[in-house]
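I opened this notebook to record what I looked up in one structure. The entries follow the order in which I worked.

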Amino acid sequence: MTIIVVGLGLGKKIDKVAKQKDCGDIAEWKQSISNHMYWCAASTPDGNGDMIKAKWEILPLHIQDIHTSNNVLHSECGHGELEGERRDKLWMEQGES
């Protein structure tokens, strides 16, 4: 139940940011960001907080079309090659909101 409430809160925060000047592009990522949050928890059945955090921290890179990081616990996205609609997303650039 807690994760659902957190997810709803996250969605509301994304909506709020998307309404700010020059931040509307983040709205396209709302579902993906929410899905990623759930995946971070669900794919870590032992509840290892450091691993969950490492998985969460790759998200800002992912939305910039960067799929690797220097984090030794979780150094790359687990989605494999992106194709079609998944490849054609509006990728963010560093410094954008």
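The entries below go from the overall fold to single residues.

**Entry 1: overall make-up.** I note at the outset that this is a predicted model. I counted the secondary structure elements and found 4 helices and 0 strands in the protein. Along the sequence I read the pattern α-α-α-α. I then looked up burial, and 27% of the 97 residues are buried. For the surface I recorded an exposed area of about 6,800 Å², with 53% of it supplied by carbon and sulfur atoms. I also examined contacts between residues at least 6 apart in sequence, of which 39% join residues at least 24 apart.

**Entry 2: the nonpolar core.** Which residues form the largest nonpolar core? I listed 12 residues: Leu10, Ile14, Ala18, Ile26, Trp29, Ile33, Met37, Leu59, Ile63, Leu82, Trp91 and Met92. Helix H1 (2-18) and helix H2 (30-42) each contribute at least two residues to this core. H1 gives the largest share, with 3 residues. I noted as background that nonpolar side chains tend to be buried together in soluble globular proteins. I then took Ile33 as one core member and looked up its partners. Leaving out residues up to four places away in sequence, Ile33 touches Leu10, Ile14, Ile26, Trp56 and Leu59.

**Entry 3: aromatic rings.** I searched the whole structure for aromatic pairs and obtained 1. The ring centres of Trp29 and Trp91 are 5.4 Å apart and their planes meet at 50°, so I recorded the pair as tilted. Where do the two partners lie in the chain? Trp29 is in the loop between H1 and H2, while Trp91 is in the segment after H4, so the pair ties together parts that are 62 residues apart in sequence. I checked the accessibility of each partner. Trp29 has 1% relative accessibility and therefore counts as buried. Trp91 has 18% and also counts as buried, because the limit for that class is under 20%. In a separate look at charges over rings, I found Lys55 over the face of Trp39, at 5.0 Å from the ring centre.

**Entry 4: His67.** I located His67 in the segment after helix H4 (59-62). Is His67 buried or exposed? Its relative accessible area is 18%, so I entered His67 as buried. The side chains of His67 and Asp65 are joined by a polar contact of 2.8 Å. Setting aside neighbours within four places in sequence, I listed the contacts of His67 as Ile58, His62, Ser75, Glu76, Cys77, His79, Leu82, Arg87 and Trp91. Of these contacts, Leu82 and Trp91 also appear in the core of Entry 2.

**Entry 5: positive phi.** I turned to backbone angles, with the general point that most residues other than glycine have a negative phi. Asp22 is not a glycine, yet its phi is positive at about 65°. I placed Asp22 in the loop between H1 and H2. With a relative accessible area of 70%, Asp22 is exposed. Asp65, likewise not a glycine, has a positive phi of about 65°. Asp65 belongs to the segment after H4. At 28% relative accessibility, I entered Asp65 as partly exposed. Asp65 is also the polar partner of His67 noted in Entry 4.

Key:
Residues are numbered from 1 along each chain as its sequence is written. This is a predicted model: local features need pLDDT of at least 70, side-chain atom pairs count only at pLDDT 80 or more; totals for chains, interfaces and linings use all residues. Side-chain values use heavy atoms; hydrogens and water are left out. A nonpolar core is a set of buried Ala, Val, Leu, Ile, Met, Phe, Trp, Tyr and Cys residues joined through side-chain atoms within 4.5 Å. Buried means under 20% relative accessible area, exposed over 50%, partly exposed in between (1.4 Å probe, protein chains only). Contact means heavy atoms within 4.5 Å. A polar contact is a pair of N or O atoms within 3.5 Å; within protein, one must be able to donate a hydrogen and the other to accept it, and residues adjacent in sequence count only if both atoms are side-chain atoms. Rings of Phe, Tyr and Trp (its six-membered ring) pair if their centres lie within 6.5 Å; planes under 30 degrees apart count as stacked, over 60 as edge-to-face and the rest as tilted. A charge sits over a ring if NZ of Lys or CZ of Arg is within 6 Å of the ring centre and within 35 degrees of the ring normal. Accessible areas come from the Shrake-Rupley method with a 1.4 Å probe; for residues, only the protein chains shown count as cover.
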